[in-house]
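Colleague: May I request a close look at a single part of this model, set out for a first-year student? Please explain each term where it first appears.

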Amino acid sequence: MSNVKVKICGLVREQDVMVAAEAGADVLGFIFARSPRRLEPAQAARLTERVRGGIIRVGLFMDQDADEVQAILDAVELDLLQFHGSEPNAYCRSFGRPFIKAISMRAGDPGELAAAYPDAQGIVLDSHEPGGAGGTGQTFDWRRPVRVEQPVWLAGGLNPDNVAEAVQRFSPYAVDVSSGVEDSPGVKNHTLIRTFIDHARR
Ligand SMILES: O=C(O)c1ccccc1NCC(=O)[C@H](O)[C@H](O)COP(=O)(O)O
């Protein structure tokens, strides 16, 4: 059994939140960036209240005004922030909350990119184009060497069929999935969620 953490990202429906929690997800992701999975703060507040205690609730932002992020933090219970754009370390830490930072595996050397975020609790390795959104469902080239100091959150195109291999290759701190457990953007498939978590830990 692996003790890898599992993050299910892009949750918008209460039934999906509850199934992910019951199936043993460690981290749930709520998107406030421009996305088909974007939540309004009031909707997110209702969802995050349903899973208090134990589970980490992450708010995902991408190149947004600090005032907008702060207003969401004032309205929604969030335990961790995820920044998905070109936000510098100083901006990410300015909210006084723990954060993780996504870097694009298409943007350059991951070790160098990650070194610019000394305050990040983790680095999300994702497949998006630099400057583009996430949730692509695409894997990056897993043969690329990855030397990152912070705990690695592996993302990008993971699904129940490839997650066990990904865990074996990278020994990540966490695996992060969105479209690989969906029927359509924002509509999670409960069987895929359960199978993903089972296969990640096997
Ligand atoms: O998912 C989105 O729509 C999105 C939009 C803007 C910024 C980030 C976004 N998603 C990030 C993620 O959900 C995670 O990185 C994800 O686990 C990777 O996505 P996927 O390849 O679909 O599993």
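Modeller: Ser171 counts as exposed, because 11 C-beta neighbours lie inside 10 Å. In this scheme a residue is exposed if 12 or fewer other C-beta atoms lie within 10 Å of its own, buried if there are 20 or more, and partly exposed in between, with C-beta atoms placed from the backbone. The model is a predicted one, in which local features need pLDDT of at least 70 and side-chain atom pairs count only at pLDDT 80 or more, while totals for chains, interfaces and linings use all residues. Residues are numbered from 1 along each chain as its sequence is written.

Ser171 is not a glycine, yet its phi is positive, at about 40°. The residue sits in the loop that joins helix H6 (163–170) to strand S8 (174–177). Helices (H or I, at least four residues) and strands (E, at least two) are DSSP runs, numbered from the N terminus.

From this loop one may turn to H6 itself and its partner H7. In general, two packed helices are described by the angle between their axes and the distance between the axes. Here the axes of H6 and H7 come within 8 Å and cross at roughly 30°; the axes are lines fitted to C-alpha atoms, for helices over the stretch in contact, and angles run from 0 to 180 degrees between N-to-C directions. The two helices are therefore roughly parallel to each other, a term for angles under 35 degrees, whereas those over 145 are roughly antiparallel, 65 to 115 roughly perpendicular and the rest oblique. The crossing of H6 and H7 is right-handed, that is, the near helix is turned clockwise from the far one by less than a right angle, and anticlockwise would be left-handed. On the H6 side the contact involves Val163, Ala164 and Val167, and on the H7 side Phe196, His199 and Ala200; two residues are in contact if their C-beta atoms, placed from the backbone, lie within 7 Å. Five of these residues are nonpolar, one is polar and none is charged. Ala, Val, Leu, Ile, Met, Phe, Trp, Tyr, Cys and Pro count as nonpolar, Asp, Glu, Lys and Arg as charged, and the others, Gly among them, as polar.

H7 (residues 190–201) also meets helix H1 (residues 14–23): their axes come within 10 Å and cross at roughly 25°. That angle makes H1 roughly parallel to H7, and this crossing, too, is right-handed. Val19, Ala20 and Ala23 of H1 face His190, Ile193, Arg194 and Ile197 of H7 in this contact. The residues here divide into five nonpolar, one polar and one charged.

Arg194, a residue of helix H7, is partly exposed, since 18 other C-beta atoms lie within 10 Å. Between Arg194 and Lys5 there are 14 Å from C-alpha to C-alpha, although the two are 189 residues apart in sequence.

A second positive phi, of about 50°, belongs to Asp63, which is likewise not a glycine. Asp63 is placed in the loop between strand S3 (56–61) and helix H3 (66–75). Its 13 C-beta neighbours inside 10 Å are why Asp63 counts as partly exposed.

For the wider setting, the protein chain comprises seven helices and 10 strands. Buried residues make up 44% of its 202 residues.
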